[in-house]
Amino acid sequence: MGDDSLRSINFERTANSKYLVHNVRGGTLSVGSGGETDTDFTPVELLLAAIGACSAIDVDVVVSRRAEPTEFSAVVRGDKIRDPEQGNRMENLAVEFTIQFPEDEAGDKAREALPRAVKMSHDRLCTVSRTVELGTPIHTTVVETPQS
């Protein structure tokens with residue numbers, strides 16, 4: 001794979017179970033464990049957000065060429081399973097879009113393109129949902145640093 005295919009983030013611990021995630025463009029995002037007073041996104045919420053946002057971007061690019069949506073929102077949900085044999089995971093993942101367009105010719109064209117755009121995103125365009133569905137292995141390592 002070429003350098004143009006590599007994507008990465010890095011993060012640093014800011015407190016017990018709290019982290020600041022950085023992207024290469026300078027963006028930051030707080031991640032936490034989801035305690036009662038913790039408003040930071042949890043890793044599972046980030047997974048749901050990534051699945052939904054990836055599909056939303058794909059769909060938005062296609063339909064907005066035809067008409068600007070008057071409403072564009074989504075709910076992404078799933079069940080967190082605690083399984084002592086196979087390990088914790090998410091099941092029953094679902095993305096539910098609510099998208100409306102103006103009542104005119106352009107809106108009609110956007111409504112017509114919407115189902116195909118959603119299907120294309122799911123079947124081949126959305127890198128995040130495709131990765132989850134295909135079950136790509138994750139390699140985890142620990143980098144040992146010298147003691148000072």
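**Salt bridges, core and domains of a predicted model**

Asp123 and Lys119 sit four residues apart in helix 2, which puts about one helical turn between them; helices here are DSSP runs of H or I with at least four residues, strands are E runs of at least two, and both are numbered from the N terminus. The model is a predicted one, so to speak of local features takes a pLDDT of at least 70 and side-chain atom pairs count only at pLDDT 80 or more, while totals for chains, interfaces and linings use all residues. Residues are numbered from 1 along each chain as its sequence is written, and side-chain values use heavy atoms, with hydrogens and water left out.

Back to that helix 2 pair: Asp123 and Lys119 form a salt bridge, with the closest N and O atoms 2.4 Å apart (a side-chain nitrogen of Lys or Arg within 4 Å of a carboxyl oxygen of Asp or Glu). Lys119 is exposed at 53% relative accessible area, whereas Asp123 is partly exposed at 35% (buried is under 20%, exposed over 50%, partly exposed in between, with a 1.4 Å probe and protein chains only). The structure holds 10 salt bridges. One of them links Arg130 and Glu133, at 3.1 Å from N to O; these two are three residues apart in helix 3 (residues 127-134), again about one helical turn. Salt bridges with shared partners also tie Lys18, Asp38 and Asp40 into one network.

Helix 2 turns up again in the largest nonpolar core, whose 10 residues include Val59, Ile99, Phe101 and Leu114. Such a core is a set of buried Ala, Val, Leu, Ile, Met, Phe, Trp, Tyr and Cys residues joined through side-chain atoms within 4.5 Å. Helix 1 (43-64) and helix 2 (105-125) are the elements that give two or more residues to this core, and helix 2 supplies the largest share, four residues. Leaving aside neighbours within four places in sequence, Ile99 is in contact (heavy atoms within 4.5 Å) with Val59, Pro69, Glu71, Phe72 and Leu114.

The domain assignment, automatic or from a database, splits the chain into domain 1 (7-41) and domain 2 (42-134). Their centres, taken over C-alpha atoms, are 23 Å apart. Seven residues of domain 1 are in contact with four of domain 2, and there are zero salt bridges between the two domains.

In the strands, strand 1 (residues 9-15) and strand 2 (residues 18-23) pair in the antiparallel sense over six bridges; pairing takes at least two DSSP bridges. Asn10 has His22 of strand 2 as its bridge partner.
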